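The following report describes one protein model, beginning with the surroundings of a single residue and moving outward to cores, a helix and a pocket.

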Amino acid sequence: MTRDTAAPDAANPPRWKIIGPGLIVAATGVGAADLVATLIAGSKFGYGLLWCVVVGCIMKIVLVEGAGRYSLATGRTMFEGWRSLGRWTSWYYAPYIVIWGFVYGSAAMAGTGLPLNALFPALSVTWWGIISGLVGLALVWFHHFEIFEKVMAAFVGIMFVAMVGAAIITLPNLLDILAGLKPWIPDGGLVNVLSLAGGVGGTITLAAYGYWLREKGWDTPRFMKVMRIDNTVAYVVTGIFVLATLIVGAELMHSMKIASDDKGLLSVADVLDQRYGPFAGKVFLVGFFGAAMSSLVGVWNGVSLMFADFIGNLKGLPSGHPDTRTGGKYYRWYILWLTFPPMLMMFLGKPVYLILAYGVLGSFFMPFLAITLLWILNTDRVPREWRNKAWSNVLMVLCAVAFVALAANEIVKAIQKL
């Protein structure tokens with residue numbers, strides 16, 4: 001049975017706004033790990049992997065649209081959809097969200113600490129990261145989705161203007177950029193290809209989209225069209241941002257043979273200062289901070305909502321129970337888990353490697369999301385008119401295959417290290 005198909009609101013259709021849940025989920029997904037991976041890809045291969053950015057954006061549009069369509073068509077959360085597939089989803093999800101939260105919390109704080117330390121070296125990366133985590137906690141602790149939206153909008157503006165500005169002033173070669181649209185896989189570069197395509201805009205945060213739709217008040221099929229516009233525009237904007245990051249990596253790190261580590265990344269700012277004036281490098285660092293902080297704040301809110309829904313389902317609470325919503329006790333439990341235990345890892349050093357470790361762990365979620373969306377959206381768990389069409393199935397299968405390959409590669413690497 002379809003929801004909300006009556007037309008009392010037909011004369012007053014919902015309007016799309018540029019800062020919606022789509023831009024929030026996309027900005028949350030592009031954090032420090034993705035910046036590091038994209039800069040390193042640019043430094044190694046120039047513009048050769050630009051086509052991966054395009055593929056990554058298309059893949060995320062498909063998956064996020066599926067998650068949003070399920071939520072709007074059924075009124076259920078993503079975790080309720082997973083539970084309808086059987087208990088095995090809970091057995092997978094429970095350890096995943098706990099371990100992921102611990103690793104991500106430290107990675108996110110390290111990611112914000114890097115640019116802040118470069119801008120204000122009086123404090124170390126560790127202490128700037130801890131301060132960022134506490135600020136993130138304060139921003140999302142209370143039930144104010146409108147404030148959260150405005151904060152995310154500010155960070156998106158900072159990261160977009162700063163990073164795109166940094167890319168423009170490097171005067172990139174347009175012909176080289178266009179040549180990068182031709183698909184190719186460099187020798188030994190399959191992991192880079194999959195990582196770059198998979199890293200354009202999030203892992204577990206993709207599934208948070210339905211929760212942000214609900215918080216926004218977009219919770220019935222009448223919002224289906226506006227949701228699709230919201231999602232598509234968000235990932236086009238994200239694609240432009242990632243392209244800008246790739247340009248910076250190609251024009252500076254690749255051409256000048258800058259090292260692909262934390263010192264190398266910060267050397268990009270020094271090179272920008274030397275070439276284009278004393279503020280160019282600072283603009284790059286501000287953009288880096290905006291991307292890292294938007295990801296931190298987005299996860300502190302969105303994944304905490306997912307965890308709260310998970311606990312609510314285990315306890316048999318009705319859908320939408322206050323304890324499972326923004327400001328509820330289970331929501332706050334996870335914010336605390338994201339913030340305080342991971343601070344212990346902040347003292348291990350090597351922040352860039354910590355960030356990349358989070359990216360590896362996050363890769364295991366994407367096959368789960370793609371495969372379960374295929375299952376859910378082709379069955380009677382969704383009203384017939386909102387089930388997958390043939391093109392959706394083809395694209396989701398391709399997404400699933402790509403992410404299974406990436407996850408398999410990470411397992412092989414882990415075994416080899418052992």
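Beyond its neighbours within four places in sequence, Trp82 is in contact (heavy atoms within 4.5 Å) with Thr89, Tyr93, Ala207, Met306, Phe365, Phe368, Leu369, Thr372 and Ile376. The model is a predicted one, in which local features need pLDDT of at least 70 and side-chain atom pairs count only at pLDDT 80 or more, while totals for chains, interfaces and linings use all residues. Residues are numbered from 1 along each chain as its sequence is written, and side-chain values use heavy atoms, with hydrogens and water left out.

Trp82 also belongs to the largest nonpolar core, where Leu63, Trp82, Trp300 and Phe365 touch the most other members among 87 residues. Such a core is a set of buried Ala, Val, Leu, Ile, Met, Phe, Trp, Tyr and Cys residues joined through side-chain atoms within 4.5 Å; buried means under 20% relative accessible area, exposed over 50% and partly exposed in between, with a 1.4 Å probe and protein chains only. Helix 13 (residues 280–314) supplies the largest share of this core, 13 residues. Helices (H or I, at least four residues) and strands (E, at least two) are DSSP runs numbered from the N terminus. A separate core of 37 residues includes Cys52, Val53, Val242 and Ala244.

Helix 10 is largely enclosed by the rest of the structure, because 7 of its 8 residues are buried. These are Tyr209, Gly210, Tyr211, Trp212, Leu213, Arg214 and Glu215. Just after helix 10, Gly217 adopts a positive phi of about 95°.

Thr238, in helix 11 (residues 224–254), counts as buried at 6% relative accessibility. Its C-alpha atom is separated by 8.2 Å from that of Leu23, although the two residues are 215 residues apart along the chain.

Helix 10 (residues 209–216) also gives the most to the lining of the second largest pocket, with 4 residues. That lining comprises 14 residues, of which Ser71, Gly75, Arg76, Arg214 and Asp219 lie nearest the pocket centre.

Confidence is expressed as pLDDT, the predictor's confidence in each residue from 0 to 100. The protein has a mean pLDDT of 83, and 83% of its residues reach 70 or more. The extremes among its elements are tabulated below.

| Element | Mean pLDDT |
|---|---|
| Helix 14 (residues 329–339), highest | 96 |
| Helix 15 (residues 351–362), lowest | 56 |

Over residues 5–11 the pLDDT is below 50, and this stretch has 2 contacts in the model beyond near neighbours in sequence.

Technical notes. On a 1 Å grid over the protein atoms alone, a cavity is a set of points where a 1.4 Å probe fits but cannot get out, and a pocket is an open set with protein on both sides within 12 Å along at least five of seven lines; lining residues have an atom within 4 Å of a point.
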